[in-house]
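Morning, everyone. Let's look at how the chains of this assembly meet. Here it is on the screen.

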Amino acid sequence: MIIARVIGSAVSTVKAGKLSARKLLVVQRATVQNELLDDSPIVAVDAVGAGEGELVLVALGSAGRQTDLTGEAPADATIVGILDSLEVDGRDTFHKS
Amino acid sequence: MIIARVIGSAVSTVKAGKLSARKLLVVQRATVQNELLDDSPIVAVDAVGAGEGELVLVALGSAGRQTDLTGEAPADATIVGILDSLEVDGRDTFHKS
Amino acid sequence: MIIARVIGSAVSTVKAGKLSARKLLVVQRATVQNELLDDSPIVAVDAVGAGEGELVLVALGSAGRQTDLTGEAPADATIVGILDSLEVDGRDTFHKS
Amino acid sequence: MIIARVIGSAVSTVKAGKLSARKLLVVQRATVQNELLDDSPIVAVDAVGAGEGELVLVALGSAGRQTDLTGEAPADATIVGILDSLEVDGRDTFHKS
Amino acid sequence: MIIARVIGSAVSTVKAGKLSARKLLVVQRATVQNELLDDSPIVAVDAVGAGEGELVLVALGSAGRQTDLTGEAPADATIVGILDSLEVDGRDTFHKS
């Protein structure tokens, strides 16, 4: 899963299939220190009740449909975890405040 | 899903399998401010009745087949939502006119 | 689907599973004006009877198996349409000659 | 599968579906000489009991769900092997110490 | 499928699921002239009995599981063909020696 920060939200009234009624969040890839990368933001379905500013795990591809909220939905990006902390090389690089 | 703008359309008479009779649109990735990115355009199946110039959500990969129009079609890119608005860092970055 | 030009063909006698007896073409990504991009060529299964020099639509990933010729074949790239024309921003950018 | 080094771990209490109770490791792509590449780290589910510092094989996409621990989990990256050694052009480029 | 050259092999005793007992080869993407590209090598399951130095076709993603040897294995890259020859723009660019 990629590490990403929730930076906003999207509104789309006309949606296909089981994407209806799903919360759509704008996420941008981030480092293990919670710094935004240059990657262009994408829109992900929120399957865990994430909030703006939170560092999350985003599952891409068919993995994004393996949640109760996204099964059979045309979702190729789903927030599947809220990060509490990250540790790299024995040091805490991120801790949810 | 990637954020993309519908910039044109494609005509293909000879198509494989269940791609027949589907509307094919040319889309190009865009920023949350609806500015086109440098990515080369791709062709996506329209599952929501999108029009040229609209900012849309494109589902890539197997997610693109999770709509009534694309089930079992050899489509790896499908327009699955028309964007009404995008909000990033508490500011409206896009509003459908 | 990516827009690509058929630039050649591949011969492979030893092939796995249902890839046997399939026509393999070398394709390179192209712009909407039918100019080749710098992307390295890939090999795609031909599901529509495409010929060298034609501009085609290539479905990547599992979408590539959604044709009569490629079902259950280990194909991650399949030519699923021959382009007749492309129109971008109200102008014809490509017309099959 | 990509070659990657386990560089850390992730803690996420709120996780979707069958991702719960899975060990999440931070991995970064590496060369055949076990040198880290510039690619941003990703988070992978550990299906083989890998430890920090080990060079591993990470399966991306739906392949990541083809293990006993990840079936039906929203995991798009899974550690599916611990590398003992790599040999390129007749020379050992990596040997697990 | 990408065009790649077999440049080595990998040994991994601890492997997940049906990856056990599969031959793992190190492959690097190549041009139609059999020149190595800068892409970092990946590890692919050999489904066709390929040897070091051979130019092969590698299927990525779920396509990699569509062979007798890789069904249900956590393999996202499988060698599915040995290239005999490639022809581009009417010229032979590669011929197996």
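Start with the symmetry. This is a predicted model. Take chain E and chain D: a rotation of 72 degrees superposes chain E on chain D, with 0.0 Å of shift along the axis and an RMSD of 0.0 Å. That is the relation of a five-fold axis. The two copies meet through different surfaces. Of the contact residues of chain E, 4% recur in chain D.

Now chain A against chain D. Here too, a 72 degree rotation does the job, superposing chain A on chain D. The shift along the axis is 0.0 Å, and the RMSD is 0.0 Å. Again the copies use different surfaces, with 4% of the contact residues of chain A recurring in chain D.

Which chains do not touch? Chain C and chain D are one such pair. Their nearest C-alpha atoms lie 10 Å apart. Chain A and chain E do not touch either, and their nearest C-alpha atoms are also 10 Å apart.

Next, the interface of chain A and chain D. Each side is easy to count: 27 residues from chain A, 27 residues from chain D. Together the two chains bury about 2100 Å², with 55% of that on carbon and sulfur atoms. Which three residues supply the most of the area on the chain A side? They are A:M1, A:Q66 and A:E87. Those three give 30% of the area that chain A buries against chain D, more than any other three residues.

What about charge pairs across this interface? The rule finds zero salt bridges between chain A and chain D. Polar contacts are another matter: there are 14 residue pairs, both residues at pLDDT 80 or more.

Look at where the chain A side comes from. Four strands of chain A each supply at least two residues: β1 (2-11), β5 (55-60), β6 (77-82) and β7 (85-88). By class, this side divides into 17 nonpolar, six polar and four charged residues.

The backbone takes part as well. β7(A) pairs with strand β1 of chain D, residues 2-11. The pairing is antiparallel, over four bridges. One position to find on the screen: A:V88 stands opposite D:G8 in β1(D).

Turn to the other neighbour, chain E against chain D. This contact takes 27 residues from chain E and 27 residues from chain D. The buried area is about 2100 Å², and carbon and sulfur atoms give 54% of it. Salt bridges between chain E and chain D: zero. Residue pairs in polar contact: 14, both at pLDDT 80 or more.

Which elements of chain E give two or more residues to this side? They are β1 (2-11), β2 (14-15), β3 (24-29) and β4 (42-46). The largest share, five residues, comes from β1(E). The class split on the chain E side is 16 nonpolar, six polar and five charged.

There is strand pairing here too. Strand β6 of chain D, residues 77-82, runs antiparallel to β2(E), and two bridges join them. In that pair, D:I82 has E:V14 as its bridge partner.

Now over to chain B. β1(A) and strand β7 of chain B, residues 85-88, are antiparallel, joined by four bridges. A:A10 is bridged to B:L86 in β7(B). Follow B:L86 onward. It stands opposite B:F94 in β8(B). So what joins β7(B) to β8(B), residues 91-95? Four bridges do, again in the antiparallel sense. These two strands form a hairpin with two residues between them. In that hairpin, B:D89 takes a positive phi near 50 degrees.

Last point, salt bridges overall. How many are there over all chains? The count comes to 15. As a reminder, side chains of opposite charge can pair when their charged atoms come close. One to look at lies within chain A: A:K96 with A:E54, closest N and O atoms 2.8 Å apart. This pair links distant parts of the chain, 42 residues apart. A:K96 sits in the segment after β8 (91-95) of chain A. A:E54 sits in the loop between β4 (42-46) and β5 of chain A.

To recap on chain D: its interface with chain A has zero salt bridges, and its interface with chain E has zero salt bridges. Strand pairing runs from β7(A) to β1 of chain D, and from β6 of chain D to β2(E). That's my tour.

Technical notes:
Residues are numbered from 1 along each chain as its sequence is written. Chains are lettered from A and ligands numbered from 1 in the order in which they are written. This is a predicted model: local features need pLDDT of at least 70, side-chain atom pairs count only at pLDDT 80 or more; totals for chains, interfaces and linings use all residues. Side-chain values use heavy atoms; hydrogens and water are left out. Contact means heavy atoms within 4.5 Å. Copies are superposed by least squares on the C-alpha atoms of residues with pLDDT of at least 70 in both. Buried area is the accessible area (1.4 Å probe) that two parts lose on being put together, summed over both. A salt bridge is a side-chain nitrogen of Lys or Arg within 4 Å of a carboxyl oxygen of Asp or Glu. A polar contact is a pair of N or O atoms within 3.5 Å; within protein, one must be able to donate a hydrogen and the other to accept it, and residues adjacent in sequence count only if both atoms are side-chain atoms. Ala, Val, Leu, Ile, Met, Phe, Trp, Tyr, Cys and Pro count as nonpolar, Asp, Glu, Lys and Arg as charged, and the others, Gly among them, as polar. Two strands pair if DSSP finds at least two bridges between them.
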